[in-house]
Amino acid sequence: MKRLEEMYQVLQFKDFGDERGNLVVIEGSGRDIPFTVQRVFYIYGSDSTVIRGRHANRSSEFVMINVAGKSKVKVDNGIESKVIELDRPMMGLYLSSMLWKDMYDFSPDSILLVMSSEHYDEKEYIRDYDEYIQIMKEQGLE
Ligand code: TYD
């Protein structure tokens, strides 16, 4: 089984800020993010009491960016977990497939932008934590 540190990565994007304001650049296809983007979605209007995510994906990889405001992401591989705070528009969080994730503690102005390597397919979502743990155990035995 992969160690948790191998399943996520904090990314730092280039900020071409000048007196006119900021401009953050994200080049796809292995330059700034390690996959070809097939899907983009964003989450806003979730407050500090909400927990989103609560799933793992069999094949999708993601990069998350709080383009405004803040949120926290808890990543979990069934053995270890870690909380990453997303609080800067030039900061990204890469998540591999088969990583359990919770997003929470959204600030009122939070806009969480998510890029994915796959089109949406509900069949590749694992939404039951016990099932996730079982799959990870089986993978660990391979
Ligand atoms: P959900 O997976 O619960 O969102 P989150 O990961 O933030 O907790 O998705 C909410 C609804 O939106 C659910 O009915 C599925 C739908 N959805 C799509 O149709 N396409 C998508 O790309 C996503 C992320 C969700």
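This passage describes the overall fold, the nonpolar cores, the surface and selected charged pairs of a predicted protein model.

The protein chain contains one helix and 12 strands, and along the sequence these elements follow the pattern β-β-β-β-β-β-β-β-β-β-β-β-α. The radius of gyration of the protein chain is 15 Å, close to the 14 Å given by the globule rule for 142 residues, so the chain is as compact as a globular protein of that length. The C-alpha trace spans about 55 × 35 × 25 Å along its principal axes. Among contacts in the chain with a separation of 6 or more, 78% are accounted for by residues 24 or more positions apart.

Of the 142 residues of the protein chain, 41% count as buried. The largest nonpolar core has 27 residues, of which Tyr 8, Met 64, Val 75, Leu 86, Leu 95, Leu 112 and Tyr 132 touch the most other members. At least two residues of this core are supplied by each of β6, β7 (71-76), β8 (81-86), β9 (91-95), β10, β11, β12 (125-126) and α1 (129-141), and α1 gives the most, with four residues. When residues up to four places away in sequence are not counted, Leu 112 touches Phe 41, Tyr 42, Ile 43, Met 64, Ile 65, Asn 66, Ser 71, Leu 86, Met 103 and Phe 106. Apart from the largest core lies another, of nine residues, among them Leu 11, Ile 33, Val 63 and Ile 65.

Turning to the surface, the protein chain exposes about 8,200 Å², of which carbon and sulfur atoms supply 48%. A nonpolar surface patch of about 570 Å² is made by Val 37, Val 40, Tyr 42, Tyr 44, Val 67 and Ile 111. Strand β4 (residues 39-44) contributes the largest share of this patch, namely three residues. Val 67, another member of the patch, is placed in strand β6 (residues 62-68) and is partly exposed, with a relative accessible area of 38%.

Seven salt bridges are counted in the model. In one of them, Glu 131 pairs with Arg 58, and the closest N and O atoms are 3.4 Å apart. This pair links distant parts of the chain, since Glu 131 lies in helix α1 and Arg 58 in the loop between β5 (51-57) and β6, 73 residues apart. Both partners are partly exposed, Glu 131 with a relative accessible area of 36% and Arg 58 with one of 40%. A further salt bridge joins the side chains of Asp 105 and Lys 72, with an N to O distance of 2.5 Å. Here too distant parts of the chain are linked, with Asp 105 in the loop between β10 and β11 and Lys 72 in strand β7, 33 residues apart. Lys 72 counts as partly exposed at 23% relative accessibility, and Asp 105 counts as partly exposed at 30%. Asp 87 forms a salt bridge with Arg 88, the closest N and O atoms being 3.4 Å apart; the relative accessibility is 34% for Asp 87 and 35% for Arg 88.

Asp 105 also stands out in its backbone, having a positive phi of about 55° although it is not a glycine. A positive phi of about 55° is likewise found at Ser 29, which is not a glycine. Ser 29 belongs to the loop between β3 (24-25) and β4, and with a relative accessible area of 53% it is exposed.

Note on methods
Residues numbered from 1 in each chain as written. Predicted model: local features only at pLDDT ≥ 70, side-chain atom pairs only at ≥ 80, totals over all residues. Heavy atoms only, no water. Patch = residues over 30% accessible without salt bridge, like charges linked within 9 Å, V, L, I, M, F, W, Y side chains within 5 Å. Areas by Shrake-Rupley, 256 points an atom, 1.4 Å probe, with all protein chains shown as cover. Salt bridge = Lys/Arg side-chain N within 4 Å of Asp/Glu carboxyl O. Buried < 20%, exposed > 50% of the residue type's maximum accessible area, 1.4 Å probe, protein only. Core = buried A, V, L, I, M, F, W, Y, C linked by side-chain atoms within 4.5 Å. Contact = heavy atoms within 4.5 Å. Rg over C-alpha atoms; globule rule 2.2 N^0.38 Å.
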